[in-house]
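Q: Could you take a close look at one part of this model for me? I'd like to hear about the largest nonpolar core: which residues have the most contacts inside it, and which elements build it?

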Amino acid sequence: MAQQRVSIDKLIATQLPEQPALSPDGGSIAYVLKSTNRAEDRDERSLWLVAAEGGEPRRLTLGTGDSTPRWSPDGTRLAFLRAQDGPPQIWVLPVGGGEAEQVTTQPLGAGAPVWSGDGTRIAFCGPIDSAALPGEGSDDAAKRRTAPIVINRLGYKADGAGLLGTLRKHIHVVALGSGEITRLTRGDWHAGDPVWSPDGERIAFSTGKEADSDLTFETAAYVVSSSEGNARPRLVGAADVQLAVTGWTPDGAKLIAVGRTDAEVGNASVLLLPLDGEAPRDITSALDRNVMPGGAGYPGAFPQLSADGQTVFFCLRDGGYTHLYATGIDGAVQRVIVGGAANVSGVSVVGNTAAIVLSTETSFGEIATVDLRSGTATPLTSYSPEETGLIVAEPRSFTTSDGLLVHGWLRRDPQRTGPLPLLLDVHGGPHNAWNGAADPVHAYHHELVARGWAVLTLNPRGSDGYGNDFFRGVLGGWGTSDAKDFLEPIDDLVAEGVADPARLAVTGYSYGGFMACYLTSRENRFAAAVAGGVVADLTSVAGTSDAGHFLSRLENGALPWKNPELLAPQSPYSLVGQVRTPTLIVQGGEDHRCPVGQAEQWFTALREQDVPSELVLYPGGSHLFILNGAPSHRADWNKRIVDWVERYAPAAGTPVRKKALNAAHWQQRLSELAAAHKVPGATLGILRLGEEPVLASHGVLNINTGVQTTEDSVFQIGSISKVWTATVIMQLVDEGKLDLDAPILDVVPEFRVADAEVSKSVTMRHLLTHTSGIDGDVFTDTGRGDDCLEKYVQALSEVKQNHPIGATFSYCNSGFALMGRVIEKLTGLSWDDALRDRLFTPLGLKHTVTLPEEALLHRAAAGHVGADENGPPSRPDVVTPPLPWPRRTHRCHRGRRARVRPHASEVRARDRRHPHSLGAERRAHDHAPERRS
């Protein structure tokens with residue numbers, strides 16, 4: 001890809017296709033397109049359709065909350081979920097044309113639709129209020145939401161949902177002909193998603209129904225009648241397992257599931273569960289890799305069975321990537337279909353073709369088809385920008401002191417040499433994994449690389465994709481077993497001259513947030529740390545997380561009330577008194593997985609020790625807000641990481657900035673001052689190197705039209721062109737084409753002023769510093785042609801001095817017009833063409849123009865107006881450009897185009913449509929207070 005400036009906002013706004021569904025005839029793929037609406041601060045999803053042979057995708061639905069498309073067996077309809085003015089409901093859309101029809105009106109919403117084999121019914125799993133009475137109204141349900149909640153077992157809350165109270169998930173079936181809904185399951189437990197039997201008579205699902213399942217985490221397979229609302233689910237196989245049912249074999253004799261035949265931590269497999277009570281069969285264990293059913297932050301998909309029932313297609317994590325595999329139903333032969341540096345998710349199989357979402361090192365994800373015989377993948381969409389500026393990560397491997405091979409990726413600009421500042425980013429889980437695929441979620445990686453950093457991502461012991469023993473290698477030893485897997489690779493990179501040991505930073509989210517806290521409580525090598533979604537205290541998290549008991553018993557290997565001595569070495573909080581690293585802590589305000597109290601504990605301890613620290617809470621944010629939270633929160637999280645590590649790990653000789661620019665403060669300040677001084681509209685931009693720019697806007701661009709001022713509005717501010725002119729002058733100095741202390745006559749031999757000695761002596765340094773003494777308020781109309789600056793310089797021959805050259809400072813507009821002529825002489829271009837070629841285009845300044853007619857292409861301000869004590873009139877008689885200090889305007893006529901020229905008040909061009917004369921313009925300005933619109 002061609003490189004360009006990486007933007008966090010652009011990466012977050014990347015459109016991402018999801019959830020492909022291949023039509024029964026294999027000819028079309030329905031999918032979900034996720035986009036970002038920054039104005040409404042939300043993600044939006046709609047349904048799209050693309051031909052499996054390729055072609056232009058077309059939009060199917062206009063909704064903003066449409067998801068989970070499912071084809072009817074005959075391929076004529078799509079069932080999907082639509083969240084519109086309430087919880088999601090099932091709708092059905094005729095693919096050949098017509099309006100979508102709402103099928104369910106469940107009070108708490110419906111789950112993903114699953115068609116019966118004959119296309120007459122749809123099963124779904126949806127939330128119900130187990131305390132609701134038949135026929136009760138919404139007021140009764142609302143009262144119950146605020147009633148006391150009685151808790152007698154774990155699992156009473158869930159991240160993303162909060163306290164569950166009397167809410168449970170159960171399976172329903174809706175008959176499409178009558179609309180009648182039959183609830184099939186009931187009880188004090190949560191049912192998993194339904195899977196129809198081939199004959200349509202039964203539905204399989206998974207759940208933990210046992211009385212102690214909240215302590216054991218066991219979820220077993222069950223089968224229930226698809227038509228009898230009062231039938232009891234029948235257990236299939238053992239209850240002490242952990243699995244999710246995903247399908248049936250064609251003969252209806254076995255269930256297909258993903259999981260384990262115990263309830264321990266480790267690789268999941270594809271399992272066959274005979275309904276006749278025989279032992280389950282693991283058909284993928286020989287691969288010694290984890291089968292990926294898919295989920296937020298964990299790419300994958302449920303296994304799919306071939307039409308003849310002889311082959312299972314499934315996703316498997318290998319070396320950090322999620323690949324597509326196939327195995328015979330007997331488990332005898334396994335083969336990789338899509339491998340390499342790619343991630344596969346959302347698999348839908350029909351015949352010899354699969355529709356998938358494929359992400360690569362240069363693509364965030366596209367809908368693609370895969371020939372299941374050859375493994376050939378063909379992308380059908382192109383949502384990832386061709387020019388993202390992303391740099392492909394370099395695979396690296398490190399061997400630790402105990403002989404473990406740790407795999408990872410190093411992302412850095414290959415054009416930069418020497419030791420670079422390095423950010424270590426630790427993944428969550430701990431059983432997730434990094435890989436080298438393009439990633440818009442962690443946009444700060446790309447932003448930092450563009451700023452000259454190196455970013456290191458490692459898969460330490462405990463990571464997924466390296467075998468079951470590796471997966472379990474961190475159990476009972478969080479931090480104590482895997483810290484070396486991070487620190488020793490950093491030592492290697494420092495020794496190689498890749499990493500600057502004085503500019504190391506660490507960040508991570510979830511388990512990565514835990515590790516950022518752990519490492520900084522045991523090490524002082526990091527100049528900055530950002531801990532997100534943290535677990536800081538393994539004692540308190542055990543009783544407050546929605547997964548606390550699981551973490552303590554299975555991950556940490558100890559219950560805090562029973563074996564505190566086993567938890568203390570693993571817990572960051574046990575040595576929080578040793579932390580000296582400036583730390584930013586970020587946490588979702590409604591995080592129930594790693595409760596907000598964990599972040600508060602860590603921040604409080606650091607504040608009490610006067611360690612530079614900040615705590616940022618994102619209201620309403622769950623543990624996964626970095627994936628599915630408000631776009632503004634996701635952007636803020638990314639930008640804060642960049643800002644924090646740049647502030648506290650600055651370049652040598654640069655002081656640490658302990659406080660970042662506060663955008664909210666400057667917005668409030670701008671609005672406050674604009675209101676106080678009756679300024680109709682204004683924008684503010686502050687750029688501090690190493691930080692994201694602060695942008696603010698206030699009011700209207702025109703008091704007659706009421707058009708709102710926005711951050712990209714264009715204002716007629718003359719003095720900015722002095723910055724442009726001076727910048728190009730200094731470029732010419734750097735190029736050796738101009739000497740600051742040589743006479744201007746060397747470049748512009750025709751230059752003369754009234755004082756002959758000044759003509760010979762004035763230099764570029766005098767002009768830049770406004771010390772030439774030349775009268776700066778010279779407003780001579782020299783026309784609008786390409787020679788207007790040349791004529792203007794000739795007209796300076798009678799201009800006198802305000803003071804001797806070099807004696808003092810006197811603001812000199814005419815001196816900058818002369819500088820513009822110097823630029824023309826040395827570049828062979830007009831002043832504004834030189835600025836465009838040398839500044840605007842290279843810097844990507846798309847809202848910087850020198851022509852009034854160009855300004856009309858943007859949201860342009862009206863300019864200065866006359867005013868009285870009540871502010872500007874509603875209909876100004878005269879419009880003049882804003883001129884700082886006592887200056888006037890000048891009109892340059894150049895054919896049919898008016899260019900902004902750098903003389904007097906930057907020789908501001910005036911469009912011929914202004915009817916007033918230059919004299920009237922001067923008088924209006926002289927009698928109007930300085931005011932900007």
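A: Here is a walk through that core, with a short look at what lies apart from it.

Keep in mind that this is a predicted model. The largest nonpolar core counts 48 residues, and the ones with the most contacts inside it are Leu422, Leu424, Leu456 and Leu519. As for what builds it, strands and helices both chip in: two or more residues each come from β33 (405-411), β34 (420-426), β35 (454-459), β36 (499-509) and β37 (528-532), and likewise from α6 (484-496), α7 (511-522) and α11 (596-608). Helix α7 hands over the largest share, seven residues.

Let's zoom in on Leu424. Skipping its neighbours within four places in sequence, Leu424 is in contact with Leu456, Leu458, Phe486, Ile490, Ala505, Val506, Thr507, Leu519 and Phe526. So two of the other top residues named for this core, Leu456 and Leu519, turn up in that list too. As a bit of background, nonpolar side chains in soluble globular proteins tend to be buried together.Back to Leu424, whose contacts include Phe486 and Ile490. Apart from the core described above lies another one, of 35 residues, with Ala505, Tyr509, Val586 and Phe625 among them.

For contrast, there's some nonpolar surface to look at as well. Ile149, Ile151 and Leu163 make a nonpolar surface patch of about 260 Å². Of these, Leu163 is found in strand β12 (residues 162-163).

Definitions and conventions:
Residues are numbered from 1 along each chain as its sequence is written. This is a predicted model: local features need pLDDT of at least 70, side-chain atom pairs count only at pLDDT 80 or more; totals for chains, interfaces and linings use all residues. Side-chain values use heavy atoms; hydrogens and water are left out. A nonpolar core is a set of buried Ala, Val, Leu, Ile, Met, Phe, Trp, Tyr and Cys residues joined through side-chain atoms within 4.5 Å. Buried means under 20% relative accessible area, exposed over 50%, partly exposed in between (1.4 Å probe, protein chains only). Helices (H or I, at least four residues) and strands (E, at least two) are DSSP runs, numbered from the N terminus. Contact means heavy atoms within 4.5 Å. Patches are made of residues with over 30% relative accessible area and no salt bridge: like charges are joined within 9 Å, nonpolar side chains (Val, Leu, Ile, Met, Phe, Trp, Tyr) within 5 Å. Accessible areas come from the Shrake-Rupley method with a 1.4 Å probe; for residues, only the protein chains shown count as cover. A salt bridge is a side-chain nitrogen of Lys or Arg within 4 Å of a carboxyl oxygen of Asp or Glu.
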